[in-house]
Amino acid sequence: MNELEQYRNEIDAIDQELTRLFELRLNTVLKVGSYKKQHNLPTLDSNREEMVIKKNVGRLKDPQFEPQLTQFFQSMMKITKQTQMDLFQLKL
C-alpha cells in the first residue's frame with residue numbers, strides 16, 4: 001500500500017466514524033425537537049447555536065481551522081434543523 005492509499009484509508013475510517021456520529025446526532029436532535037414541541041418551546045435557539053460553535057472552536061488543537069470548523073457546525077445545524085422540521089411536519 002502506498003502513502004496515498006494509506007491516507008485515503010485513514011479518511012475512509014474517519015468518514016465512517018463521522019457518519020455514525022452524525023446519525024447519532026440527528027436522532028438526538030429529534031429527541032430535543034420532540035421535547036420542545038411537547039413544552040411549546042421554539043425550534044430555533046440562536047444563542048444555543050452560537051454557544052455550541054464557540055465551545056467547539058475552543059476545543060480545536062490547531063486554531064487555523066477555526067473558520068472551517070465554524071462553517072462545518074453552521075452547515076450541520078442547518079441540516080439538522082431542516083431534518084427536524086421535515087420529520088415533524090410529516091408526523092402532523
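Begin by selecting Glu17, a residue that is partly exposed, with a relative accessible area of 37%. Keep in mind from this point on that the structure in your viewer is a predicted model.

With Glu17 still selected, add Arg20, because the two residues form a salt bridge whose closest N and O atoms are 2.6 Å apart, and they sit three residues apart in helix α1, a separation of about one helical turn. Arg20 also counts as partly exposed, at 44% relative accessibility.

Now zoom out and show the whole chain as a ribbon. You should find three helices and zero strands, so that from the N terminus on the elements run α-α-α. If you turn the C-alpha trace along its principal axes, it spans about 55 × 30 × 15 Å. The radius of gyration of the chain is 17 Å, whereas a compact globule of 92 residues would have one near 12 Å.

Switch to a surface view for a moment. The chain exposes about 7,800 Å², of which carbon and sulfur atoms supply 56%, and 18% of its 92 residues count as buried. Colouring by charge brings out 14 positive and 13 negative side chains, and the centres of these two sets lie 11 Å apart.

Which residue forms a salt bridge with Glu49? Select Lys81 to see the partner, where the closest N and O atoms of the pair are 3.1 Å apart. Glu49 belongs to helix α2 and Lys81 to helix α3, which covers residues 66-91, so the pair ties together parts that are 32 residues apart in sequence. Lys81 is partly exposed, its relative accessible area being 25%. A search of the whole structure finds two salt bridges, and with this pair and that of Glu17 and Arg20 you have now visited both.

While the helices are in view, it is worth looking at contacts along the whole chain: among those between residues at least 6 apart in sequence, 60% join residues at least 24 apart.

Return next to helix α1 and select Lys36, which is found there. Is Lys36 buried or exposed? Lys36 is buried, yet it has no salt bridge, and the nearest side chain of opposite charge, that of Asp45, is 5.4 Å away; this pair does not count as a salt bridge because the cut-off is 4 Å between a side-chain nitrogen and a carboxyl oxygen. To see what surrounds Lys36, display Leu41, Pro42, Thr43 and Asp45, which Lys36 touches when residues up to four places away in sequence are not counted.

From there, move to Asn40, whose place is in the loop between α1 (3-38) and α2 (46-58). What is the phi of Asn40? Asn40 has a positive phi of about 50°, although it is not a glycine. Most residues other than glycine have a negative phi. On the surface view, Asn40 counts as exposed, at 72% relative accessibility.

For the last stop, select Gln64, which lies in the loop between α2 and α3 and is exposed, with a relative accessible area of 54%. Keep Asn40 selected as well and draw a line between the two C-alpha atoms: Gln64 and Asn40 are 24 residues apart along the chain, and their C-alpha atoms are separated by 40 Å.

Note on methods
Residues numbered from 1 in each chain as written. Predicted model: local features only at pLDDT ≥ 70, side-chain atom pairs only at ≥ 80, totals over all residues. Heavy atoms only, no water. Helix = DSSP H or I, 4+ residues; strand = E, 2+ residues; numbered from the N terminus. Rg over C-alpha atoms; globule rule 2.2 N^0.38 Å. Buried < 20%, exposed > 50% of the residue type's maximum accessible area, 1.4 Å probe, protein only. Contact = heavy atoms within 4.5 Å. Areas by Shrake-Rupley, 256 points an atom, 1.4 Å probe, with all protein chains shown as cover. Lys, Arg positive; Asp, Glu negative; His and termini not counted. Charge placed at Lys NZ, Arg CZ, Asp CG, Glu CD.
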